Amino acid sequence: MTTSTATSPSEHRRRWWESATPTGSGELAPSPAGPADALGDLPPLHGSGPLLQTLRLGRDQGRVLFEGTRLHGDVFRVNTLLEKRPLTITSHPDHVKSLFTAGPALAPSTAGQSQLRPIVGESVLTATGDRHRRQRKLLMPPFHGKAIARYREQILDATTREIDGWQPGARIRLADSAQQVTLDVIMSGVFGIDYRSGESEQLLRRRLRQMLALSVSPLARVSELVSMRSSEPVGVQKWGLAHLDRAMLAVIAERRAAHVPGERHDILSLLLDARDDEGTGLTDGELRNELLTLVLAGHETTANSIGWAFERLVRHPESYGRLRDAARAEDDGGYVDATIHEAMRVRPVIPMLGRRVMSHWRFGDRVVPERSRVLIGVLSLHHREDLYADPFRFDPDRFVGVKPGSNTWIPFGGGDRRCLGATLAMEEMRILTREIARRTDLSAIDSAPERPVHRNVTMIPGRGGAVEIGSVMR
């Protein structure tokens, strides 16, 4: 079953992050979804020509998601330059569940078409099918609970060093500050690199910093567009990766030559021990791809989640005051986690997820043909009135003592593609959020909410979570 709500054209010209009408109908109605034996009525087609819709999706996915859902209901289609046939977009939890539980044979991820593919190659992020299952299984051990416990001290040390450098009266971009912490954690946790490391490891550290700085430049955006339909890097992207690869492969070779099983606990060392069911380990090229994926996936997304969390908090004084009180208490009553869950609900860094259905697929009373590309609107799902009361209100209380639903709260994705590093990311955000709230008092520089900006597959705060520091506890 689909729903539709008539709205005026002026409604769609609103900035959704400032004022918007929620999706959903107030009370969640079941909507059957899954493989279908035959074609039926197609979802309605939304918007204008492919060029304009491609540009709109690249600039403001939220507007496309909320506008399309208000006009057409839970499922609709858009024409783009990304596919010859229209893309299907859905945001009903029953539809999401059907895609997450179908498995890769019926509904494989479209991550292989990601803009990151030329950079990270065929890693756990971009691989599909048997290769993805093999890579995921090999990468699981470093992200188990005991391994995460070893990273906790590294996260706290990096967070403490960062906050120690803050000065009252200064204005900072919290996403940038959090990136310094997450990069230190990645260097230590993934590569085992710190200030005591050797020359080749320090070179890798510099190269990674250079690449990450380059990735946010306008030049990188042009390079992404040039590489859009290529599985190999081109232009400046190819040049930058060549320098990084030389440094990374040198570290891998040195570590492999000196490796003693069980001696070190960084992820690179653990992956050198990893074997699949046939007893085969990862090649140097596979190690390079997986390690670079962990750097990119763990560096930007976590840091921007922190930026978004405090972008919301400093504009909601009551919630921010409660968080500071909770962080300064011996028992926070679950409020720190609730704040993180709510921030990732209202501002998911990954606003859409992709699947390709390999058979005809029912979404309510509509059916899309086999091999259609389907986008899950994470952002619009998270703002359904029939799932979350007053969904555009930032309210951490809604998650106090409440576990987020696996098909209704999906900032880490779901099914066999759920983010491998979700547990580590949550631990980083937990420590960063608690320590920032415990040790500092922050305020918004501008009362207006920050505009979401799209970069690669992410949605980041337009001013980086800009705040002014009132005080710092020493």
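Two strands count as paired if DSSP finds at least two bridges between them. With that in hand, we can walk through this predicted model, starting with a small sheet.

Strand 4 and strand 12 (residues 466-472) meet that condition, since 3 bridges join them and they run antiparallel. If you would like a spot to zoom in on, look at Arg-173, which stands opposite Ala-466 in strand 12. The open sheet to which this pair belongs has 3 strands, in the order 4-12-9, with antiparallel pairing. At its edges you will find strand 4 (171-173) and strand 9 (440-444), each of which pairs on one side only. From one strand to the next, the twist averages 45°. Now bring a helix into view: helix 8 (residues 174-191) lies across strand 4, strand 9 and strand 12, and runs at about 65° to strand 4.

From the sheet, let us move on to the nonpolar cores. The largest one has 82 residues, and the members that touch the most others are Phe-191 and Leu-292. Helix 13 (residues 284-313) gives the most to this core, with 11 residues. Leave aside residues up to four places away in sequence, and Leu-292 still touches Ile-119, Val-120, Leu-208, Met-211, Leu-241, Leu-244 and Met-248. Another core lies apart from the largest one; it has 16 residues, among them Phe-100, Ile-350, Val-368 and Leu-381.

Helix 13 is also home to Leu-294. Is Leu-294 buried or exposed? Its relative accessibility is 14%, and because buried means under 20%, Leu-294 counts as buried. Beyond residues up to four places away in sequence, Leu-294 touches Phe-143, Ile-186, Val-190, Ile-267 and His-299. For a sense of scale, take Leu-294 and Phe-76: they are 218 residues apart in sequence, and their C-alpha atoms are 34 Å apart in space.

Let us finish with some backbone angles. Most residues other than glycine have a negative phi. Which values, then, does phi take at Arg-371 and Asp-390? For Arg-371 phi is near 70°, a positive value, and for Asp-390 phi is near 45°, also positive. Arg-371 sits in the loop between strand 7 (366-368) and strand 8 (372-377), while Asp-390 is in the loop between helix 16 (378-381) and helix 17 (422-439). Arg-371 counts as partly exposed because its relative accessibility is 47%, and Asp-390, with a relative accessible area of 42%, is partly exposed too.

Methods: Residues numbered from 1 in each chain as written. Predicted model: local features only at pLDDT ≥ 70, side-chain atom pairs only at ≥ 80, totals over all residues. Heavy atoms only, no water. Core = buried A, V, L, I, M, F, W, Y, C linked by side-chain atoms within 4.5 Å. Buried < 20%, exposed > 50% of the residue type's maximum accessible area, 1.4 Å probe, protein only. Helix = DSSP H or I, 4+ residues; strand = E, 2+ residues; numbered from the N terminus. Contact = heavy atoms within 4.5 Å. Axes fitted to C-alpha atoms, helices over the stretch in contact; angles between N-to-C directions.
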